[in-house]
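Let us walk through this structure step by step. Keep the view open and follow each part in turn.

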Amino acid sequence: MKHYKNIFIGTFFILLFIIATLATWIYSQIDSALPQLEGKKTLFGLSATATVERDKKGIVTIKAKNRLDVAVATGFVHAQERFFQMDLLRRNSAGELASLFGEVAINYDSDIRRHRFRERAMSIVKQLPKADFDLLKAYTRGVNQGLKYLKAPPFEYLLLQHDPVEWQEEDTILSVLSMYIDLQYQDGKRERTLGLLKSTLSAEVYDFLNPKGSRWDAAIDGSQYPASPLPKAPWPSASSEELTMLIQDNTVQTALNTLIPVTLSRNKSAQNEEFPGSNNWAVGGNISATGSAIVANDMHLGIRVPNTWFRASFEYQSKEKKFVKVTGATLPGTPNIIIGSNSHIAWGFTNSYGDWSDVIVLETNEDNSQYLTPIGYQPFLKNKQIIAVKDQEAVDITVIDTIWGPVIGKNAQGDLLAYRWVAHDTTAVNMAITELETATNVEQAFAIATRAGMPAQNLMVGDNQGNIGWTIMGPIPQRNKVFGEVPTSWANGEHQWQGLLTAADYPKVMNPDDSRLWTANSRVIGNDMLAKVGNGGYALGARSSQIKQNLNAKSSFDEQALLDIALDDKANFLLRWQEFLLSKVLTTEMLAKHSDWQEVKTIISYDNLAATKDSVAYRLVRNFRLNVRDQVFDIFNENMTKLDEDFSFHTIRHQLEIPLWQLVNQQPENFLWRGHDSWTALFEETLEKTLAEMTESSSLANATWGKQNVSKIQHPLSRAVPLIGRWLDMPEVELAGDSYMPRVQGKSFGASQRMVVSPGHEERGIFHMPTSQSGHPWSPYYGVGHENWVKGEASSFLPGPVAYTLTLLSY
């Protein structure tokens, strides 16, 4: 017995020793992946010594002799702080995630591979101007040395049991192409959805569901477009019996279901109101406290740990031997300041939902081996793609191309579809945005915008002379005529792109009479300028309208006043729904039937409706509206999806607010797709459902908006490794704000930064950023600054006092 006891004790201590050794090794590996903050390091590619200073938040100031040296140092810092994030960006657009995550990412990679972005990125690099190529080369050198000088790979690779792969020049191009995927449609879903509606419904019903304008329009040129009237005939135009037959006969082969890995997923349910985009606005110097323009910007994206952006300040000599200091936000994977201020100009972006792509209906021969073009039938081009998959054999796929772009599927009639997209052109990406770092006025910024290669954005810019301006920054396709709302044939040459819009034709607005400009992803301009930009699915103008209203409410502004606009969570958009509930739903008859609904009426009668954390009324009205929308369009959505599985309610959900409001108020009996005996019954059931959801785990009085809108800002791997999640993720807190107001904020979506700055007065500027600078949980500034973003407390635009200094020596 004693012998067995000794064996047990010996085995226990051996296992304890093994566990301790393994834990020590894991600890040392994670600890060794921390970036070097102080001391000296020699880098190849520097022409002279450069310094990297960090404040206590980790905000970087890079001081170097010239712009190329800044690029080397930036690459070094990005790699040390954020290499895994950079790796995800390039793999996302290249369709190479399966080599990291395995089988779960194969379908996603297969879907993305049809764009052949790695090949396109390599082609772009080859034709870049020398200055752009030199910048990429310098940045790439810095990245690879930053990775090399880590004592261990970033900790994510330890968890994934994978080695990081060195950076290439084309990977920076892929990082920008990844933003194209995030900010524009890579699959033509919206245009295909509208095409299905137009081919299925009558013209008046289609126009009703696809309105040109609404009461929410707030274009900076004052243009207005009316909503379409309620259809008079029963709709849809096909009878229920005919529609059923059409659905049963539909044999369209749809694309494989896409399974997006957890690192890149975004909820696409109908209840999801998130809209990748941003707010920005500017006031002229004649109404600002500084005498310079003031520019505000908050970019709305999915928020993860670490954040999309990395804050930095660059100091260097320009080619003209002038001192340059520019501060703002960089995108790890690229060498430049994305938004910021250089003391002469300040600039920011919102996503422009212009029409940057077209779905083409192909006319094919009998066996679908050729397609018709203006010069006759052409054979399809087949490109083999090999997808590397972690822990299993590689997967071979074939992508099909046309002279216009890749084949992306079929429509409800069985016609093959191709995709023409600006992201496929060699002009899609370049480094022209870097020139904003040295621009000195609005007009120079406008000129840079016309030749920039990046996803088209609403550029908001102001200068230290007090001028403000708006234009589109990025490539704009020039069509031979107005078309592209729905898929069309290009076979006879009637529809075609004629290169890109010339610089002289770019739409722009400078120094409006009221010295105020604003954009928020909705339609910015109308008439001839709108014809150049097109409509790729603009946001409803509720945010723009509220920003405009706030700007018109004051006669002068300082930075805090513009931050207050960014933090405005008043629910102007829902006021009419609040009144609708009170007058059309909570009627005397309905209250007699549901006596407990008197509490509902009391709650929403006296509330100053806003998306504050403690508001029950806001949550109730908001969720009621969404549930009404679901009830009204549920059968419609179901039938359209049966016709074509590529139908996407998600892509048109915002524009449906306009016909929805007409339907619930006019309550037509010719609306066939309503699964209730009466509109009153629909509203009654919807409110019952809303209340049941809200009171599932609490009383109605305690069912506040904050309890629903709880932050869930996580590291991409924390859900895969739950035990370490609490060290990687940001604390879960209740959040104010929502989608249809300036303070856009969801659980893991919202303002990825907030900036308010006046060029020449950067010391007064404000900058918020969620999570923090660092991607490493043991960093001394991991999570530092996040609380300012949560609470909306003003924090400095410029870096603070130096806390760490790293000297980079040249060979």
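**Aromatic rings**

Ring pairs link Trp577, Phe580, Phe624, Trp661, Phe671, Trp679 and Phe683 into a cluster. The model is a predicted one. A search of the whole structure finds 28 aromatic pairs. One of them joins Trp577 and Phe624. The geometry is edge-to-face, with 6.5 Å centre to centre and 70° between the planes. Trp577 belongs to helix 16 (residues 575–585) and Phe624 to helix 19 (residues 616–643), so the pair ties together parts that are 47 residues apart in sequence.

Are these two rings buried or exposed? Trp577 counts as buried, at 0% relative accessibility. Phe624 is also buried, at 0% relative accessibility.

Stay with helix 19. Phe633 and Phe636 form an aromatic pair, again edge-to-face. Here the centres are 5.8 Å apart, and the planes make an angle of 70°. The two residues are three apart in helix 19, which separates Phe633 and Phe636 by about one helical turn. Both Phe633 and Phe636 are buried.

Rings also meet arginines. Arg215 lies over the face of Trp216, 4.4 Å from the ring centre. Arg479 does so with Phe483, at 5.8 Å from the ring centre.

**The sheet of three strands**

Turn now to the strands. Three of them form an open sheet in the order 10-16-15, with antiparallel pairing. Which strands stand at the edges? They are strand 10 (357–361) and strand 15 (407–410), each pairing on one side only. From one strand to the next, the twist averages 30°.

Strand 15 and strand 16 (residues 416–421) run antiparallel and are joined by three bridges. Follow Val407 across: its bridge partner in strand 16 is Ala418. Helix 9 (residues 189–200) lies across strand 10, strand 15 and strand 16. The helix runs at about 50° to strand 10.

Strand 16 also has a part in covering helix 5. In helix 5 (residues 117–127), the buried residues are Phe117, Arg120, Ala121, Ile124 and Val125. Look down the axis of helix 5: these buried residues fall within an arc of 140°, so they line one face of the helix. The cover over them includes helix 2 (67–94), helix 6 (130–148) and helix 8 (169–183). Strand 14 (395–401) is included as well, together with strand 16.

**The sheet of 11 strands**

Helix 2 will return shortly. Another open sheet has 11 strands, in the order 1-26-2-3-6-7-8-9-17-18-21, and its pairing is mixed. Strand 1 (39–43) and strand 21 (508–510) stand at the edges. Each has a single partner strand, so one side of each is left without a neighbour in the sheet. The twist averages 25° from one strand to the next.

What joins strand 1 to strand 26 (residues 804–810)? Five bridges do, and the two strands run parallel. Among the residues involved, Leu43 has Ser810 in strand 26 as its bridge partner.

Helix 2 packs on this sheet. Its contacts are with strand 1, strand 2 (50–54), strand 3 (60–63), strand 6 (310–317), strand 7 (323–330) and strand 26. The direction of helix 2 makes about 160° with that of strand 6. Helix 2 thus appears twice on this walk: it touches the sheet, and it is part of what covers the buried residues of helix 5.

**Two single residues**

Asn458 sits in strand 17 (residues 457–463). Strand 17 has its place in the sheet order between strand 9 and strand 18. Asn458 is buried, with a relative accessible area of 2%. What does Asn458 contact, leaving aside its neighbours within four places in sequence? Its contacts include Asn280, Gly348, Phe349, Thr350, Asn351 and Ser352. Trp470, Thr471, Ile472, Thr519 and Val524 are in contact with Asn458 too.

Tyr606 has another setting. Its place is in the loop between helix 18 (597–605) and helix 19. Tyr606 counts as exposed, at 72% relative accessibility. Finally, pick out Tyr606 and Pro799 together. They are 193 residues apart in sequence. In space, they lie 44 Å apart, C-alpha to C-alpha.

Notes: Residues numbered from 1 in each chain as written. Predicted model: local features only at pLDDT ≥ 70, side-chain atom pairs only at ≥ 80, totals over all residues. Heavy atoms only, no water. Phe/Tyr/Trp six-rings, centres within 6.5 Å; stacked < 30°, edge-to-face > 60°. Helix = DSSP H or I, 4+ residues; strand = E, 2+ residues; numbered from the N terminus. Buried < 20%, exposed > 50% of the residue type's maximum accessible area, 1.4 Å probe, protein only. Lys NZ or Arg CZ within 6 Å of the ring centre and 35° of its normal. Pairing = 2+ DSSP bridges. Axes fitted to C-alpha atoms, helices over the stretch in contact; angles between N-to-C directions. Contact = heavy atoms within 4.5 Å. Arc of directions from axis to C-beta.
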